[in-house]
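I opened this entry to keep track of what I looked up, one topic at a time. The notes follow the order in which I checked things.

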Amino acid sequence: MNDVALRRLRVTLAGAAGLVGAIAFRMKIGPDAKPAAWIPFLGPVVAAVMVQLPGLAPQLLARGLWWSNVVLGVILAVLGGRSESTVGLTLLYGCGAA
């Protein structure tokens with residue numbers, strides 16, 4: 001496997017891992033959530049797109065979005081109730097793996 005194919009595989013897997021946490025969060029908030037509740041869902045989605053682009057700026061944006069969702073996952077896992085803890089751990093592991 002050459003370097004370009006390996007990078008493409010790694011980037012795709014990182015984007016998919018981040019989307020796992022986003023999907024879990026989206027399933028928790030439901031369709032009638034306020035617009036501010038969509039930010040943790042849209043962050044990993046934007047990161048999955050941005051990580052596909054070459055250059056430093058998109059890479060830093062993607063990693064920043066993933067790290068912010070890792071922090072949110074920790075907060076939800078520690079301070080949330082039973083269902084929030086599960087979503088928080090999924091968000092933490094998904095974005096952390098990315």
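**Entry 1: Phe41 and helix 2**

I began with Phe41, which sits in helix 2. The model is a predicted one, so I treat every value here as computed from it. Buried or exposed: which is Phe41? Phe41 has a relative accessible area of 16%, and it counts as buried because the cut-off is under 20%. I then listed the contacts of Phe41, leaving aside neighbours within four places in sequence, and found Ala22, Phe25 and Arg26. I also took a C-alpha distance from Phe41 to Ala62, which is 21 residues along the chain, and got 13 Å.

Next I looked at the helix itself. Helix 2 covers residues 39-50, 12 residues in total. From first C-alpha to last, helix 2 reaches 16 Å, close to the expected 16 Å at 1.5 Å a residue. I noted Pro40, Phe41, Gly43, Pro44, Ala47, Ala48 and Met50 as the buried residues of helix 2. Which helices do the buried residues of helix 2 pack against? I found helix 1 (3-29), helix 3 (56-79) and helix 4 (82-97).

**Entry 2: helix 1 and what follows it**

I moved to helix 1, which has 27 residues. Its first and last C-alpha atoms are 39 Å apart, close to the 39 Å expected at 1.5 Å a residue. The buried residues of helix 1 that I wrote down are Val11, Ala14, Gly15, Ala17, Gly18, Gly21, Ala22, Ala24, Phe25 and Ile29. Two of these names, Ala22 and Phe25, I had already met as contacts of Phe41. The cover over the buried residues of helix 1 includes helix 2, helix 3 and helix 4.

I checked the backbone just after helix 1 and found Gly30 with a positive phi of about 80°.

In the loop between helix 1 and helix 2 I picked out Ala37. Ala37 has 25% relative accessibility and is therefore partly exposed. Setting aside neighbours within four places in sequence, I found Ala37 in contact with Phe25 and Ile29. Both Phe25 and Ile29 are on my list of buried residues of helix 1. For a distance I used Arg26, which is 11 residues from Ala37 in sequence; the C-alpha atoms are 9.1 Å apart.

**Entry 3: helix 4 and Gly88**

I counted 16 residues in helix 4. Helix 4 reaches 23 Å between its first and last C-alpha, close to an expected 22 Å at 1.5 Å a residue. Its buried residues are Ser85, Val87, Gly88, Leu91, Leu92, Gly94 and Cys95. I traced their packing to helix 1, helix 2 and helix 3.

From helix 4 I chose Gly88 for a separate look. How much relative accessible area does Gly88 have? The value is 0%, so Gly88 is buried. Not counting residues up to four places away in sequence, Gly88 touches Gly73, Leu76 and Ala77. I also took the C-alpha distance between Gly88 and Ala5, which lie 83 residues apart along the chain, and got 32 Å.

**Entry 4: a surface patch**

I turned to the surface and found a nonpolar patch made of Val71, Val74, Ile75, Val78 and Leu79. Together these residues have about 480 Å² of accessible area. I looked further at Leu79, which lies in helix 3. Leu79 counts as exposed because its relative accessibility is 70%, and the cut-off for that class is over 50%.

**Entry 5: the whole chain**

I left the overall values for last. The secondary structure of the protein chain amounts to four helices and zero strands. I wrote the order along the sequence as α-α-α-α.

Does the radius of gyration agree or disagree with a compact globule? A compact globule of 98 residues would have a radius near 13 Å, and the protein chain has 14 Å, which agrees. Along the principal axes, the C-alpha atoms fill a box of roughly 45 × 25 × 20 Å.

Of the 98 residues, I have 35% as buried. I noted about 6,000 Å² for the accessible surface of the protein chain, with 73% of it belonging to carbon and sulfur atoms. Last, I took contacts between residues at least 6 apart in sequence: 53% of them join residues at least 24 apart.

Methods: Residues are numbered from 1 along each chain as its sequence is written. This is a predicted model: local features need pLDDT of at least 70, side-chain atom pairs count only at pLDDT 80 or more; totals for chains, interfaces and linings use all residues. Side-chain values use heavy atoms; hydrogens and water are left out. Helices (H or I, at least four residues) and strands (E, at least two) are DSSP runs, numbered from the N terminus. The expected span of a helix is 1.5 Å times one less than its number of residues. Buried means under 20% relative accessible area, exposed over 50%, partly exposed in between (1.4 Å probe, protein chains only). Contact means heavy atoms within 4.5 Å. The radius of gyration is taken over C-alpha atoms; the globule rule is 2.2 Å times the number of residues to the power 0.38. Accessible areas come from the Shrake-Rupley method with a 1.4 Å probe; for residues, only the protein chains shown count as cover. Patches are made of residues with over 30% relative accessible area and no salt bridge: like charges are joined within 9 Å, nonpolar side chains (Val, Leu, Ile, Met, Phe, Trp, Tyr) within 5 Å. A salt bridge is a side-chain nitrogen of Lys or Arg within 4 Å of a carboxyl oxygen of Asp or Glu.
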